[in-house]
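Please open the structure in your viewer and keep the sequence panel beside it. The tour below moves from one selection to the next and says what is to be found at each stop.

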Amino acid sequence: MKLRYPLMFFVTAVLVFLSACGNQTSTPDPASEAAIYTKAAETVGAKLTMTAALLGTATSTPSALPSATSAFTKTPLVSSTPEVTNTTVLPTEGSCDDMAYVSDVTIADGSLVSPGSQFIKTWRIKNTGQCTWSTAYHLVYGWASDNWTALKTFPPAAVYLTQSVAPGEEVEVSVTLTAPSGSNSYSASFRLQNANGYNFGTILTLLFEVNGTPAP
C-alpha cells in the first residue's frame, strides 16, 4: 500500500504536465519556416539530380526529329558506275586480220598489155594482223572500170592461198585475167577475204594500158 500511492501520484503529475504542453499554441518563426522550405527544396533538387544521373537521359533534352525531306536517302538499287570485270572481250569478226601491200610483182601500174591477151597479175602482200591466214583465205574481185565490160559482167572466181601465212610473213597472190580488145586505160581492184567472208587489208589495184590491134 505504501508503494502504490506514490506511483499513482507520479503518473497523475505527468499527465497534467503533458496536457498543459498540448494546450500551448506556438507562433511559427517566419525565418525558420523559410529555412525549412529552402532546405527541403535543396533536398528535392539533390534527389532529382541524383535520379537524373542514374537514369542518364531522364532530364536530357530530346534531339530534334529529322525533317520529312531528310529522313530518308534515296539510294539507287543499281549504280550508274559500271562495274569493272576481268572478262575478256572477244574481237569482232575479222578484227585480228590485217594485210599490207608490199609491191607489184607483175604488171606494174601503167604497163602496156596487148589487146585480148591473157595475163597474170601478181602482188606481194604482208600479214600485218594477229591471225594466221589459212588456205581458206582467198583473193576476191572488187570492182572494175566501166569500160572493162567483160570483167564487170564475168568477174573472176576467188583465188585461194596455197599455204598458211603467219603474222609478219609475206606471200604472193595472183589472178589470171584477159585484157580488153579496145585501146584504152583499164583498172580493177581486189581484196583479201578470210574464211568467214570478211574483207580486210589494203585494196589491191591493177592499172594498165591496152594499145594496138588485137592479135589474130
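The stops that follow go from the whole chain to its sheets, its core, its salt bridges and two loop residues.

**The whole chain**

Begin with everything selected, and keep in mind that this is a predicted model. Colouring by confidence is a useful first step: the protein averages a pLDDT of 74, and 55% of its residues score at least 70. Select residues 1-7, where the pLDDT is below 50 and where the model has 0 contacts beyond near neighbours in sequence. Then select residues 46-92, over which pLDDT likewise stays under 50; for this stretch the model has 2 contacts beyond four places in sequence. Where pLDDT is low, the predicted coordinates should not be read in detail.

Switching to a cartoon view brings up 3 helices and 8 strands, which run from the N terminus in the order α-α-β-β-β-β-α-β-β-β-β. Of the 216 residues, 20% count as buried, and the exposed surface comes to about 15,700 Å², with carbon and sulfur atoms supplying 60% of it. Among contacts with a separation of 6 or more, 73% are between residues 24 or more positions apart.

**Strand β3 and its partners**

Select β3, residues 118-127, together with β1, residues 99-104: the two strands pair in the antiparallel sense over 5 bridges. Within this pairing, M99 has N127 of β3 as its bridge partner. Now add β6, residues 170-178, which runs antiparallel to β3 and is joined to it by 9 bridges; here W123 can be found opposite V173 of β6.

**The open sheet**

Hide that selection and show the strands β2, β8, β7, β4 and β5, which in this order form an open sheet of 5 strands with mixed pairing. Why do β2 (111-113) and β5 (159-160) each have one side without a neighbour in the sheet? Both strands stand at the edges with a single partner strand each, so one side of each is left free of a neighbour in the sheet. At the β2 edge, 3 bridges join β2 to β8 in the parallel sense, and S111 stands opposite F208 of β8.

**The nonpolar core**

F208 leads on to the next selection, since it appears again in the largest nonpolar core, a set of 27 residues. Show W123, I125, W133, W148 and F208 as sticks, as these have the most contacts inside that core. The elements giving two or more residues to the core are β3, β4 (138-144), β6, β7 (184-193) and β8 (199-210), and the largest share, 5 residues, comes from β8.

**The salt bridges**

A search of the whole structure finds 4 salt bridges. Select D104 and K121, which form one of them, the closest N and O atoms being 2.8 Å apart. D104 lies in strand β1 and K121 in strand β3, so the pair ties together parts that are 17 residues apart in sequence. Are these two residues buried or exposed? D104 counts as partly exposed at 25% relative accessibility, whereas K121, with a relative accessible area of 0%, is buried.

Move next to R124, whose side chain meets that of E170 in a salt bridge at 3.4 Å, N to O. E170 belongs to strand β6 and R124 to strand β3, so this pair ties together parts 46 residues apart in sequence. The side chain of R124 also meets that of E172 in a salt bridge, at 3.0 Å, N to O, and these shared partners join R124, E170 and E172 into one network. R124 is partly exposed, with a relative accessible area of 26%; E170 is partly exposed at 38%, and E172 is partly exposed at 40%.

**Two loop residues**

Select I107, in the loop between β1 and β2, and display its surroundings: leaving out residues up to four places away in sequence, I107 touches V113, F119, I120, K121, L206 and F208. A distance label from I107 to L207 will read 8.2 Å, C-alpha to C-alpha, although the two are 100 residues apart in sequence.

The final stop is S145, in the loop between β4 and α3 (149-153). S145 counts as buried at 14% relative accessibility, and beyond residues up to four places away in sequence it touches K152, Y186 and S187.

Conventions:
Residues numbered from 1 in each chain as written. Predicted model: local features only at pLDDT ≥ 70, side-chain atom pairs only at ≥ 80, totals over all residues. Heavy atoms only, no water. Pairing = 2+ DSSP bridges. Helix = DSSP H or I, 4+ residues; strand = E, 2+ residues; numbered from the N terminus. Core = buried A, V, L, I, M, F, W, Y, C linked by side-chain atoms within 4.5 Å. Buried < 20%, exposed > 50% of the residue type's maximum accessible area, 1.4 Å probe, protein only. Contact = heavy atoms within 4.5 Å. pLDDT = per-residue confidence, 0-100. Areas by Shrake-Rupley, 256 points an atom, 1.4 Å probe, with all protein chains shown as cover.
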